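User: I am new to this structure and would like a close look at one part of it. Please take a single hairpin, explain each term as you go, and then follow its strands outward.

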Amino acid sequence: MTEQEFVQVAQTGDLSPGEMTMVKLNRDQVLLANVAGTFYAINNMCTHMMGRLAKGFLDDSEVICPFHSARFSVVTGEALTTPAKDNVQTYEVKISGEEILIRQSVA
Ligand code: FES
């Protein structure tokens with residue numbers, strides 16, 4: 001897999017701690033979350049039935065799907081509770097000044 005370029009998706013001032021939003025990286029919908037001042041990015045699609053995670057709730061470092069309440073870690077992408085079984089993809093996050101940049105993690 002070739003290394004992807006980092007792409008700017010937001011500004012640090014766009015999200016306060018405890019907030020999350022959906023951004024786009026190429027054709028991916030990505031959930032961008034601010035957890036106590038650190039930014040994390042995971043795929044926005046719940047692996048259960050494609051609920052849009054950014055429309056759910058952020059509870060510290062866990063996002064709760066708005067459809068059937070599965071929890072995922074926004075840090076690792078791990079599916080923490082049923083009904084989701086599969087993890088979601090994570091993205092690398094880089095802060096440059098006030099810019100938030102992300103890229104696909106190299107597997
Ligand atoms: S679609 Fe996310 S828990 Fe069902």
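Analyst: In the hairpin formed by strand 2 and strand 3, 2 residues lie between the strands, and Asn26 takes a positive phi near 55° there. Strands here are DSSP runs of E with at least two residues, numbered from the N terminus. Residues are numbered from 1 along each chain as its sequence is written. The model is a predicted one, in which local features need pLDDT of at least 70 and side-chain atom pairs count only at pLDDT 80 or more, while totals for chains, interfaces and linings use all residues.

Strand 2 and strand 3 pair in the antiparallel sense over 6 bridges, where pairing requires that DSSP finds at least two bridges between two strands. One of these links involves Lys24, whose bridge partner in strand 3 is Gln29.

Strand 3 (28–35) is followed by a loop and then strand 4 (38–43), and Ala36 has its place in that loop. These two strands, strand 3 and strand 4, also pair in the antiparallel sense, over 6 bridges, and Leu31 stands opposite Ile42 of strand 4. Their hairpin has 2 residues between the strands, with Ala36 at a positive phi near 50°, although Ala36 is not a glycine. Ala36 is exposed, having 8 other C-beta atoms within 10 Å; a residue counts as exposed with 12 or fewer such atoms, as buried with 20 or more, and as partly exposed in between, the C-beta atoms being placed from the backbone.

Leu31 also leads to the interior. Leaving aside residues up to four places away in sequence, the residues that Leu31 touches include Met20, Met22, Ala41, Ile42, Leu53 and Val63, a contact being two C-beta atoms, placed from the backbone, that lie within 7 Å. The largest nonpolar core has 24 residues, and Leu31, Leu32, Ala33, Ala41, Ile42 and Phe72 are those with the most contacts inside it. Strand 2 (20–25), strand 3, strand 4 and strand 9 (99–104) are the elements that give two or more residues to this core. Such a core is a set of buried Ala, Val, Leu, Ile, Met, Phe, Trp, Tyr and Cys residues joined through C-beta atoms within 7 Å.

A further positive phi, near 55°, belongs to Asp60, again a residue other than glycine. Asp60 has its place in the loop between strand 5 (57–59) and strand 6 (62–64), and Asp60 is exposed, with 10 other C-beta atoms within 10 Å.

Note on methods. Helices (H or I, at least four residues) and strands (E, at least two) are DSSP runs, numbered from the N terminus.
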